[in-house]
Amino acid sequence: MSVRTVFAVAGAALISGLVIAEPAAADPSVQPVAASVYTLSAGRIGASMAALVGILGAVNGGLALARRTGQGHIGTWARRNGAVTALVAGLIAVVVGGSVAATADGGLGTGNGLGGAYVAMLVGLIAVTLGWLARSRSRRTG
């Protein structure tokens with residue numbers, strides 16, 4: 001399975017999870033005041049998945065940045081694709097984390113995924129930065 005397929009499936013799962021969770025969030029009588037530690041709310045799941053996508057993007061960007069230069073055509077191709085996947089994964093993590101943070105109904109510890117959303121945005125920004133550095137490095141050497 002290619003990296004593009006993994007990111008496409010992860011992005012589709014994140015978007016569909018937000019669409020499915022939206023009707024339940026619209027009715028205030030369904031939402032509890034504070035969730036239990038073991039309760040998996042839509043915000044927690046969305047923020048956790050966004051953080052995982054961001055971590056995958058950061059790892060991919062770090063690997064693309066750590067590859068040696070001068071490896072020929074195939075090395076340049078892998079470095080550029082690693083950088084682009086890191087940029088896309090980081091952007092997905094920032095957008096989904098920001099949407100979870102914007103729609104959270106309470107502060108930290110209420111079960112709405114606000115802490116995970118902040119982590120997802122931070123890791124997503126790291127992935128975007130690493131992907132941008134790797135992309136600019138591959139352009140310079142290519």
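A helix, in these legends, is a run of at least four residues that DSSP marks H or I, and helices are numbered from the N terminus. Ile92, shown in Figure 5, is found in one such run, helix H3. All views are taken from a predicted model.

**Figure 1. The whole protein, which contains four helices and zero strands.**
Read from the N terminus on, the elements follow one another in the order α-α-α-α. Of the 142 residues in the protein, 30% are buried, while the exposed surface of the protein comes to about 8400 Å², of which carbon and sulfur atoms supply 70%. Among the contacts whose partners have a separation of 6 or more, 74% join residues that lie 24 or more positions apart. The predictor's confidence should be kept in mind when looking at any part of the model: the mean pLDDT of the protein is 75, and 60% of its residues reach 70 or more. Confidence is lowest in helix H1, residues 3-26, where the mean is 60, and it is highest in H2, where the mean is 87.

**Figure 2. The largest nonpolar core, a set of seven residues.**
The members of this core are Ala47, Ala50, Ala51, Val96, Val100, Ala117 and Ala120. Three helices, namely H2 (42-66), H3 (73-103) and H4 (114-141), each supply at least two of these residues, and the largest share, three residues, comes from H2. Ala120, which has its place in helix H4, counts as buried because its relative accessibility is 0%, and the cut-off for a buried residue is under 20%. Leaving aside neighbours within four places in sequence, Ala120 is in contact with Ala47, Ala50, Ala51, Ala93, Val94 and Gly97. One of these partners, Ala47, is 73 residues away from Ala120 in sequence, yet the C-alpha atoms of the two residues are 6.4 Å apart in space.

**Figure 3. Helix H2, with its buried residues and its exposed Leu52.**
The 25 residues of H2 should span 36 Å at 1.5 Å a residue, and because the C-alpha atoms at its ends are indeed 36 Å apart, the model agrees with that expectation. The buried residues of H2 are Gly43, Gly46, Ala47, Ala50, Ala51, Val53, Gly54, Gly57, Ala58, Asn60, Gly61 and Ala64. Leu52 also lies in helix H2, but Leu52 counts as exposed because its relative accessibility is 54%, and the cut-off for an exposed residue is over 50%. Although Leu52 and Val119 are 67 residues apart in sequence, their C-alpha atoms are 9.8 Å apart in space.

**Figure 4. A polar contact between the side chains of Asn60 and Thr85.**
Asn60 has its place in helix H2, whereas the place of Thr85 is in helix H3. The side chains of Asn60 and Thr85 are joined by a polar contact of 2.5 Å. Both residues fall under the cut-off of 20%, so Asn60, with a relative accessible area of 15%, is buried, and Thr85, with a relative accessibility of 11%, counts as buried as well. The side chain of Thr85 also has a polar atom that lies 3.0 Å from the backbone oxygen of Gly82.

**Figure 5. Ala83 and Ile92, two residues of helix H3.**
Ala83, whose place is in helix H3, is buried, since its relative accessible area is 0%. When residues up to four places away in sequence are not counted, Ala83 touches Ala64, Gly131, Ala134 and Arg135. Ser136 is 53 residues from Ala83 in sequence, and the C-alpha atoms of this pair are 9.0 Å apart in space. Ile92, also found in helix H3, counts as partly exposed because its relative accessibility is 22%, a value that falls between the cut-offs of 20% and 50%. The C-alpha atoms of Ile92 and Gly124 are separated by 7.5 Å, while along the chain the two residues are 32 residues apart.

Notes
Residues numbered from 1 in each chain as written. Predicted model: local features only at pLDDT ≥ 70, side-chain atom pairs only at ≥ 80, totals over all residues. Heavy atoms only, no water. Buried < 20%, exposed > 50% of the residue type's maximum accessible area, 1.4 Å probe, protein only. Contact = heavy atoms within 4.5 Å. Areas by Shrake-Rupley, 256 points an atom, 1.4 Å probe, with all protein chains shown as cover. Core = buried A, V, L, I, M, F, W, Y, C linked by side-chain atoms within 4.5 Å. Polar contact = N/O pair within 3.5 Å; in protein donor to acceptor, adjacent residues only side chain to side chain. Expected span 1.5 Å × (residues − 1). pLDDT = per-residue confidence, 0-100.
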